[in-house]
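User: I've just opened this one and have never looked at it before. Please walk me through it slowly.

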Amino acid sequence: MKIKLRPYQTEDTQAILDIINYNILNSTALYDYNIRTYEQQKAILEEKINKHFPVIVAVEDGKVVGFGMYSEFRFREAYKYTVEHSVYVENAHHGKGIGKLLLYELIQLAKQQNLHTMIAVIDAENQSSIDFHEKFGFKTVGIIKESGYKFDRWLHSVFMQLILE
């Protein structure tokens, strides 16, 4: 397996959309109910890039198999050194270290941008994502109970934080 990371290009939008929509329909990784259109996903990605936030993709044999990005945590000026990130890997490629490559790169990019804090918001049922983030030094700093409702049940949001040094 030879995974290459590179910046997002417009032609990656459909592969990213497929990964996102799979997670919307089959997991609590996203609290969205409805799948996104190509235009919606493209606009989301372009907005991040226009705000000088990275969107990176993991490519294997010319195919996008994962992506990562970060952007504002909140929209007040004092939060400008804090970002919330997302890392997604295509379902058939889980367990191959792709997420690790993506998160490591996002951390490096955040340091280069002189950011101070990275935040992960993870559904409490997703213990593998919580464990994954702990391996990178993220600490659980709070849980907001019943903050989301999906698949006919209340969901809890775990907030994890990494202070960049």
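Analyst: One term comes up throughout, so I'll start there: a helix here is a DSSP run of H or I with at least four residues, and helices are numbered from the N terminus. Please also keep in mind that this is a predicted model.

User: Okay, so which residue follows α2, and what is its phi?

Analyst: His-52 follows α2, and the phi of this residue is positive, near 70 degrees.

User: And α2 itself, how far apart are its end C-alpha atoms?

Analyst: They are 18 Å apart, and this agrees with expectation, because 13 residues (38-50) at 1.5 Å a residue should span 18 Å.

User: Which residues of α2 are buried?

Analyst: Gln-41, Leu-45 and Lys-48 are the buried ones in α2. They lie on the same side of the helix, because the arc they cover around the axis is only 60 degrees. As a general point, an α-helix has 3.6 residues a turn, so residues three or four places apart point the same way.

User: What do those buried residues pack against, and what is on the face turned away?

Analyst: The buried residues of α2 pack against α1 (13-26), β2 and β3, while the face turned away from them carries Glu-39 and Asn-50, which are exposed.

User: What about the loop between α1 and α2, is Asn-34 there buried or exposed?

Analyst: Asn-34, which is found in that loop, has a relative accessible area of 60%, and because exposed means over 50%, the residue counts as exposed. Its C-alpha atom is separated by 7.0 Å from that of Ile-24, although the two residues are ten apart along the chain.

User: Switching to the sheet, what is the order of its strands?

Analyst: The sheet is open and has seven strands in the order β1-β2-β3-β4-β5-β7-β6, with mixed pairing. The strands at the edges, each pairing on one side only, are β1 (3-7) and β6 (139-150), and from one strand to the next the twist averages 25 degrees.

User: Mixed how? In which sense do β3 and β4 pair, and β4 and β5?

Analyst: β3 and β4 pair in the antiparallel sense over seven bridges, with Gly-66 standing opposite Val-89 in β4. β4 and β5, by contrast, pair in the parallel sense over three bridges, and there Thr-82 has Thr-117 in β5 as its bridge partner. β5 and β7 are again antiparallel, with seven bridges, and Ala-120 is opposite Met-160 in β7.

User: Which strands does α3 touch, and which does α4 lie across?

Analyst: α3 packs on the sheet and touches β1, β2, β3, β4, β5 and β7, with a direction at about 160 degrees to that of β4. α4 lies across β4, β5 and β7, and runs at about 160 degrees to β5.

User: Last topic, the largest nonpolar core. Which residues touch the most other members?

Analyst: That core has 26 residues, and those touching the most other members are Tyr-70, Ile-98, Ile-107, Met-118, Phe-138, Met-160 and Leu-164. The elements that each supply at least two of its residues include α3 (98-112), β5 (117-123) and β7 (153-163), and α3 gives the most, with seven.

User: Which residues is Met-160 in contact with?

Analyst: Leaving aside neighbours within four places in sequence, the contacts of Met-160 include Met-118, Ala-120, Ile-130 and Phe-138. There is also a second, separate core of 14 residues, with Ile-16, Ile-24, Phe-67 and Tyr-88 among them.

Notes: Residues are numbered from 1 along each chain as its sequence is written. This is a predicted model: local features need pLDDT of at least 70, side-chain atom pairs count only at pLDDT 80 or more; totals for chains, interfaces and linings use all residues. Side-chain values use heavy atoms; hydrogens and water are left out. A nonpolar core is a set of buried Ala, Val, Leu, Ile, Met, Phe, Trp, Tyr and Cys residues joined through side-chain atoms within 4.5 Å. Buried means under 20% relative accessible area, exposed over 50%, partly exposed in between (1.4 Å probe, protein chains only). Contact means heavy atoms within 4.5 Å. Two strands pair if DSSP finds at least two bridges between them. Axes are lines fitted to C-alpha atoms, for helices over the stretch in contact, and angles run from 0 to 180 degrees between N-to-C directions. The expected span of a helix is 1.5 Å times one less than its number of residues. The arc is that of the directions from the helix axis to the C-beta atoms.
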